[in-house]
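Reader: I'm a first-year student, and I'd like a close look at a single part of this model. Could you walk me through the surface that meets the DNA, and then through the contacts that go with it?

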There are 2 protein chains.
Amino acid sequence: MPNAVSRSAATKPARKRRERGSISTDLIIAGAFEVARASSLDELSMTVLADHLDVAVTSIYWHFRKKDELLRAMTEVAIRKQHDSIPPPRDDEGWQDMLRRQMTAIRALHREDEVLSDLVLRTPAYSREATQRAMEDLEVTVAKLAGAGFPARTALVAVNAIMMYTRGIITYERTLRRSDAVILGGRQRQMIDWSGLPLLDSLIDRQPLAGTSDQDFEFGISRLIAGFEALLREA
Amino acid sequence: MPNAVSRSAATKPARKRRERGSISTDLIIAGAFEVARASSLDELSMTVLADHLDVAVTSIYWHFRKKDELLRAMTEVAIRKQHDSIPPPRDDEGWQDMLRRQMTAIRALHREDEVLSDLVLRTPAYSREATQRAMEDLEVTVAKLAGAGFPARTALVAVNAIMMYTRGIITYERTLRRSDAVILGGRQRQMIDWSGLPLLDSLIDRQPLAGTSDQDFEFGISRLIAGFEALLREA
DNA sequence: ACCTGAACACCGTTCAAGT
DNA sequence: ACCTGAACACCGTTCAAGT
């Protein structure tokens with residue numbers, strides 16, 4: 001915290017003027033990630049960011065005309081990081097393992113980087129480059145399924161489906177974590193009258209209610225893959 | 001717009017004092033939904049809501065101590081509406097059709113009511129009643145699968161998985177619609193160099209890029225159900 | 001018990017002005 | 001070309017005061 005001086009006092013920092021090239025768009029983006037990671041993306045404000053960078057708020061507006069423009073730039077960075085973290089297909093594995101590894105990697109990344117997750121899930125890709133990269137990845141993945149006998153169209157829709165499932169898990173887990181800070185652990189269990197719920201009563205015990213585990217995630221992935229395999233056998 | 005008078009002029013409305021019981025929490029919630037539906041949940045502010053209700057902003061704070069409290073109340077309403085819109089299982093249908101109908105109904109609801117969607121997806125259930133209702137629904141659904149031969153634990157995880165898939169589709173479609181207002185139709189196609197992408201080039205034509213169709217949604221549902229059936233056969 | 005205006009801290013953004 | 005402070009409209013919230 002570079003300027004944790006006086007908040008309430010009327011004395012203003014009276015900052016020294018910075019040199020001309022002393023802040024760049026890259027520095028601002030990096031600073032924005034630092035602020036967001038230290039608190040959250042929601043709490044990232046232009047004012048706080050400016051303080052963090054020890055710059056006048058308005059200086060940021062020379063590099064980014066709107067806050068939204070800064071967020072877009074951050075999203076590009078996040079999308080690239082996600083792209084780089086997805087393992088490429090290997091020749092020595094089947095399409096099933098490829099899908100499993102890719103989806104697991106995406107989920108892991110979103111779990112360990114909430115800011116990235118919030119950025120990426122908020123919007124589709126902005127730039128041409130990001131879209132191009134995404135399409136190239138998709139082409140390779142779809143080709144792998146097509147090579148295994150799936151019609152091209154089916155391969156595309158299948159990849160799409162397993163990504164939607166992963167997305168659902170990711171957003172749900174994100175929602176849980178967001179509110180867990182408030183709700184505090186699984187004391188929900190006591191709120192419920194279990195008398196009419198014999199099945200659930202026997203299943204949901206100590207573990208946090210409706211939480212998502214690695215096994216639960218794996219289950220859905222396996223079932224989708226099994227469903228794809230069934231389609232392959234029919235042809 | 002009850003008070004679309006002067007914004008810039010220094011003359012303030014000078015409102016007449018309202019009677020004591022003239023606004024209730026229910027009226028405020030209803031008004032909040034009206035404002036949100038007319039614009040969006042993001043644009044719902046206490047000030048705008050107060051204007052809409054022709055009430056002083058601070059009056060709302062007597063009924064709801066925080067904006068978050070109002071949002072919670074709205075979420076409860078939304079969750080109840082979602083609950084009521086999900087068709088109950090029928091005796092003359094199998095578990096497959098039940099799941100299909102339920103997931104389709106949820107997706108349809110979220111498509112036609114964006115405000116509900118934003119509220120419900122933002123947070124898990126708050127109140128005891130909502131949680132209780134959700135658990136009762138879940139019990140019935142899980143019981144149907146269990147009756148078909150699934151172990152109880154598997155039935156629960158399966159229902160969870162298909163809900164996660166549906167959630168992924170819903171959030172993705174929501175994201176698309178949010179940005180479609182900006183991006184404007186599928187002119188993305190021209191941005192991309194298709195030379196290295198023979199498969200995708202042949203598949204993605206006129207239709208909006210990466211859009212989600214009813215058939216795509218159906219595909220994932222079918223594959224999951226097929227995956228569940230495979231599990232049943234193994235036992 | 002319920003409604004109200006004044007007031008505050010914060011936030012995104014514009015603009016005219018510095019160097 | 002790049003950095004800055006003053007200023008504005010808006011937003012959530014508190015508080016003391018009305019009836």
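Author: Happy to! Let's start with a definition for sorting residues: Ala, Val, Leu, Ile, Met, Phe, Trp, Tyr, Cys and Pro count as nonpolar, Asp, Glu, Lys and Arg count as charged, and the others, Gly among them, count as polar. Sorted in this way, the surface near DNA strand D has eight nonpolar, eight polar and ten charged residues. Please keep in mind that this is a predicted model.

Let's stay with DNA strand D for a moment. There are 26 residues around DNA strand D, and those that come nearest are A:Arg20, A:Thr58, A:Trp62, A:His63 and B:Arg17. Of the atoms of DNA strand D that come within 4 Å of the protein, 65% belong to sugar and phosphate.

Which helices supply this surface? Look for α3 of chain A, along with α2 (46-53) and α3 of chain B: each supplies at least two residues of the surface near DNA strand D. The helix that gives the most is α3(A), with four residues.

Now zoom in on the phosphates of DNA strand D. The side chain of A:Ser59 has an N or O atom 2.8 Å from a phosphate oxygen of this strand. With A:Arg18, a backbone N or O atom lies 3.2 Å from a phosphate oxygen of DNA strand D. Chain B takes part as well: a backbone N or O atom of B:Lys67 lies 2.8 Å from a phosphate oxygen of DNA strand D.

Next, turn to DNA strand C. Here 26 residues surround the strand, and the closest are A:Arg17, A:Thr58, B:Arg20, B:Thr58 and B:Trp62. Among the atoms of DNA strand C within 4 Å of the protein, 65% belong to sugar or phosphate, and the rest belong to bases. By class, the surface near DNA strand C has eight nonpolar, eight polar and ten charged residues.

What does the side chain of A:Arg17 approach on DNA strand C? An N or O atom of that side chain is 2.2 Å from a base nitrogen of DNA strand C. Two residues of chain B approach phosphates instead. In B:Ser59, an N or O atom of the side chain is 2.8 Å from a phosphate oxygen of DNA strand C, and in B:Arg18, a polar backbone atom is 3.2 Å from a phosphate oxygen of DNA strand C. The elements that give two or more residues to the surface near DNA strand C are α2 (46-53) and α3 (57-63) of chain A together with α3 (57-63) of chain B. The largest share, four residues, comes from α3(B).

Now let's follow chain A away from the DNA. Chain A is divided into domain 1 (1-65) and domain 2 (78-234). Where these two domains meet, the contact takes five residues from domain 1 and eight residues from domain 2. Between them, the two domains of chain A bury about 520 Å², 61% of it on carbon and sulfur atoms. On the side of domain 1, A:Phe33, A:Arg37 and A:Leu41 lose the most area to domain 2, together 79% of what that side buries.

A:Arg37 deserves a second look. A:Arg37 forms a salt bridge with A:Asp113, with the closest N and O atoms 2.8 Å apart. Across this interface of domain 1 and domain 2 of chain A, the rule finds three salt bridges. The residues on the domain 1 side divide into three nonpolar, no polar and two charged.

Finally, how do the two protein chains meet, and how many residues does each one give? The contact takes 58 residues from chain A and 58 residues from chain B. The area buried between chain A and chain B is about 5,100 Å², and carbon and sulfur atoms give 71% of this. In chain A, A:Met135, A:Glu139 and A:Arg223 lose the most area to chain B, together 13% of what that side buries. The rule finds zero salt bridges across the interface of chain A and chain B, but it finds 16 residue pairs in polar contact there. Among the helices of chain A, α8(A) gives the most to the side that touches chain B, with 18 residues. The residues of that side divide into 34 nonpolar, 13 polar and eleven charged.

Technical notes
Residues numbered from 1 in each chain as written. Chains lettered and ligands numbered in written order. Predicted model: local features only at pLDDT ≥ 70, side-chain atom pairs only at ≥ 80, totals over all residues. Heavy atoms only, no water. Near = heavy atom within 4 Å. Polar contact = N/O pair within 3.5 Å; in protein donor to acceptor, adjacent residues only side chain to side chain. Domains from an automatic or database assignment. Contact = heavy atoms within 4.5 Å. Buried area = accessible area lost by both parts, 1.4 Å probe. Salt bridge = Lys/Arg side-chain N within 4 Å of Asp/Glu carboxyl O.
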